[in-house]
Amino acid sequence: MSTPFPFTAVVGQDDLRLALLLNAVSPAVGGVLVRGEKGTAKSTAVRALSALLPEVAVVPGCRFSCDPAAPDPGCPDGPHEPGPGGARPARMVELPVGASEDRLVGALDIERALAEGVKAFEPGLLADAHRGILYVDEVNLLHDHLVDLLLDAAAMGASYVEREGVSVRHAARFLLVGTMNPEEGELRPQLLDRFGLTVEVAASREPDQRVEVVRRRLAHDDDPEGFAARWRDEEADVRARIVAARELLPSVVLGDGALRRIAATCAAFEVDGMRADIVMARTATALAAWAGRTDVLAEDVRQAALLALPHRRRRNPFDAPGLDEDKLDRTLEEFGDDDPEPEPDPGPDADPDPDPDGGPDGPGGGGDGGGGGLPPSGGPDGPDAGTAEAPQNTGDTGDTGDSADQGEAGESGAVPGARPGGGGEQRPAPAAEPFRTKVLSVPGLGEGAAGRRSRARTEHGRTTGARRPRGTLTKLHLAATVQAAAPHQRARGRDGRGLVVRRDDLRQATREGREGNLVLFVVDASGSMAARRRMGAVKGAVLSLLLDAYQRRDKVGLVTFRGGAAEVALPPTSSVDAAAVRLESLPTGGRTPLAAGLLRAHEVLRVERLRDPARRALVVVVTDGRATGGPDPVGLAGRAARLFAADGVASVVVDCESGPVRLGLAGLLARELGGTAVTLEELRADAIAGLVKDVRGDSRRAA
């Protein structure tokens, strides 16, 4: 077994380390969600934490890690007789992104349950993680139903497995840690709220700190055992401090003043529900215990708010998580008149300034200004890692004054001073307010990843039939199984009330639900779309469709065309907020190479089909239908559009043409694509009575 990187040797990342330690002190805090760019020690810190947790006493032979002092009365391996127990290190169990439901919660042997009446249960990862750490890397890529099961178990402290009337329950209390890169997609706000704390991490911009990170990483890779030995004393100190904080935790008093500050803070930031108040209370109590105090102070409440509230402030996927610290300070000051008396001076023998490189109080303070300090990071760490911000682009994006009246400007050529190939580029127009859109779905029955857009055969949904299982049986169709076994009962010698069932009789339930699709936006950014008012409306419509794609768990991509070429502004991704950022900065101007945009989109789909053949695509072309530049641009666009029709790709054209005189070119393009056209007005959900529109369109109109 490889030697993990020591927790106390992690450079910087003070908020991350503190959040993990608070959960180690009080698992009731509810876990940690770690958000940040790749290569920022997210996984390293989580894996290192398990070595700091105290050993757990267990009942020998119990697969569910029951505590011999208080065994679970409902344990499937019980009942357990009183007696001495054994001890083992706390486990860290990893949940892979591609894990099945049975792998997570456990599996019942349905054949034995039906034929013998025996609850033959194989424990899953939730049982393995009981009284330890359950770590989910890339939690934002985990299927929603698995995240729901995971968070339900974390909240209830137990896991329930039910299959066709057969039920098994076992204890499942663990420290839940999830990591994610926001560039790969966000979690739903409902799921974000279920994580107790969240931490944003980023790589340090301080050269000295980056040097120290590399130095320690290389030293560990060259000699893992020797490197760990150099940090053994610091690890032991933090381990002892966790044990002491756990013992002190029941004695910590959360006074009325602290509770009032917590309630006022949550109300001031308008967080939904009461979970934030409860998590803040538990976090502030854990902070006091970590600092060795029995009273919760205002600084504990402030630190708890910084860890527990930022992810609960999001109202839609385009909102950046965060907290206004000035507003937080004003709120705490307003409700801070009844602080408890400060604790007495510890005396002249106390160390007033602990060595930041030699003990568990390390950078981040030793009991004040952050709720009790952090483990050491040692070495020339410099400022806290992850706190330096990248330089922001503050270039002027304001209106140029006359751009709103340009209309078709740039359609016939480049404006002097524009970039080569830009064809008279104009500054980006702001997007209009998003709105609720009609549901656009891909026709037919797919087999893609679970989502909320188009009909598909899925693991979850309404039962539509039965079939012989391929591999492991996951969802039993009871009626079909009984029907298959019934004709053979006499031949099998049935002599009692039980049904004699063989493996060949078992039938898998087939279910129909919804899948997520790849929604590929092909956006016309040419001069004909450049009028400020029109482009703002177009961006608002695309932003609305992006929000709809987020809610329906789709992947999205963005292709734009203008001037003389098309470009992939965003390859297919699960991060709709990344698409929104690209859309917001989209410049306009120049000719309309419609054929180039369609051909580029067709190539993107071809590559994506190789990567994910089960995910069906929906192409949304946002244009007024014009095509200019080069010989026969209209004919080229028509031939490119027919490639989508030949491949059976579902498509819709959002007609952006405006004014009293309309040429209807978008409708002609939709016919060539084999899809349908909707205007910006028709795209709104309340524009017409029919809420669901088949993007293939009316087959008679396409004929």
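**Exercise 1. Joining strand 1 to a neighbour**

Task: Find how many bridges join strand 1 to strand 11, and name the bridge partner of Val32.

Solution: Strand 1 and strand 11 run parallel and are joined by 5 bridges. This is a predicted model, so treat each step as a reading of a prediction. Next, pick out Val32: its bridge partner in strand 11 is Leu197. A general point helps here: strands of a sheet pair through backbone hydrogen bonds, either parallel or antiparallel.

**Exercise 2. Placing the pair in its sheet**

Task: Work out the strand order of the open sheet of 5 strands, and find its edge strands.

Solution: Let's go across the sheet.
- Step 1. The order is 4-7-10-1-11, and the pairing is parallel.
- Step 2. Strand 4 (92-94) and strand 11 (197-201) are the edges, since each of them pairs on one side only.
- Step 3. On average, neighbouring strands of this sheet are turned by 20° against each other, ignoring direction.
- Step 4. Look at the end with strand 4: this strand pairs with strand 7 (residues 133-137) in the parallel sense, over 3 bridges. Met92 has Ile133 in strand 7 as its bridge partner.
- Step 5. Now find what lies across the sheet at strand 11. Helix 1 (residues 14-25) lies across strand 1 (32-36), strand 10 (175-180) and strand 11, and runs at about 160° to strand 11.

**Exercise 3. Buried or exposed?**

Task: Decide whether strand 11 is largely enclosed, and whether Arg35 counts as buried or exposed.

Solution: Start with strand 11. Of its 5 residues, 4 are buried, so strand 11 is largely enclosed by the rest of the structure. Now turn to Arg35, which is found in strand 1. The cut-off for buried is under 20% relative accessible area. Arg35 has 4% relative accessibility, so it counts as buried. Finally, look for a residue from another part of the chain: the C-alpha atoms of Arg35 and Thr179 are separated by 5.9 Å, although these residues are 144 positions apart along the chain. For the chain as a whole, 49% of the 703 residues count as buried.

**Exercise 4. A second sheet**

Task: Describe the open sheet of 6 strands and the helix that lies across strand 18.

Solution: Take the strands in order.
- Step 1. The order is 18-17-16-19-20-21, with mixed pairing.
- Step 2. Strand 18 (565-573) and strand 21 (676-679) are the edge strands, each pairing on one side only.
- Step 3. Strand 16 (residues 518-524) pairs with strand 19 (residues 617-623) over 6 bridges, in the parallel sense. Leu518 has Ala617 in strand 19 as its bridge partner.
- Step 4. Helix 18 (residues 594-611) lies across strand 16, strand 17 (555-562), strand 18 and strand 19, and it runs at about 30° to strand 18.

**Exercise 5. Two helix pairs**

Task: For helix 18 with helix 19, and for helix 11 with helix 12, decide how the helices are oriented.

Solution: Begin with helix 18. Its axis and that of helix 19 (residues 633-647) come within 7 Å and cross at roughly 25°. That angle makes helix 18 roughly parallel to helix 19, and the crossing is left-handed. Residues in this contact include Leu598 and Leu605 of helix 18, and Ala640 and Phe644 of helix 19. By class, the contact has 12 nonpolar, 1 polar and 2 charged residues.

Now the other pair. Helix 11 (residues 256-268) and helix 12 (residues 275-290) pack at about 140°, with axes 9 Å apart. Helix 11 and helix 12 are therefore oblique to each other, and their crossing is right-handed. In the contact, Ile262, Ala263, Thr265 and Cys266 of helix 11 meet Ala276, Asp277, Met280 and Ala281 of helix 12. These residues divide into 6 nonpolar, 1 polar and 1 charged.

**Exercise 6. Backbone details in the loops**

Task: Find which peptide bond is cis from Gly78, and where Ala41 and Asp632 are found.

Solution: The bond from Gly78 to Pro79 is cis, with omega near 0°. Pro79 lies in the loop between strand 2 (56-58) and strand 3 (86-88). Next comes Ala41, with a positive phi of about 70° although it is not a glycine. Ala41 is in the loop between strand 1 and helix 2 (42-49), and is partly exposed at 27% relative accessible area. Asp632, also not a glycine, has a positive phi near 50°. Asp632 is in the loop between strand 19 and helix 19, and is partly exposed at 46%.

Conventions
Residues are numbered from 1 along each chain as its sequence is written. This is a predicted model: local features need pLDDT of at least 70, side-chain atom pairs count only at pLDDT 80 or more; totals for chains, interfaces and linings use all residues. Side-chain values use heavy atoms; hydrogens and water are left out. Two strands pair if DSSP finds at least two bridges between them. Axes are lines fitted to C-alpha atoms, for helices over the stretch in contact, and angles run from 0 to 180 degrees between N-to-C directions. Contact means heavy atoms within 4.5 Å. Angles under 35 degrees count as roughly parallel, over 145 as roughly antiparallel, 65 to 115 as roughly perpendicular and the rest as oblique. A crossing is left-handed if the near helix is turned anticlockwise from the far one by less than a right angle, and right-handed if clockwise. Ala, Val, Leu, Ile, Met, Phe, Trp, Tyr, Cys and Pro count as nonpolar, Asp, Glu, Lys and Arg as charged, and the others, Gly among them, as polar. Buried means under 20% relative accessible area, exposed over 50%, partly exposed in between (1.4 Å probe, protein chains only).
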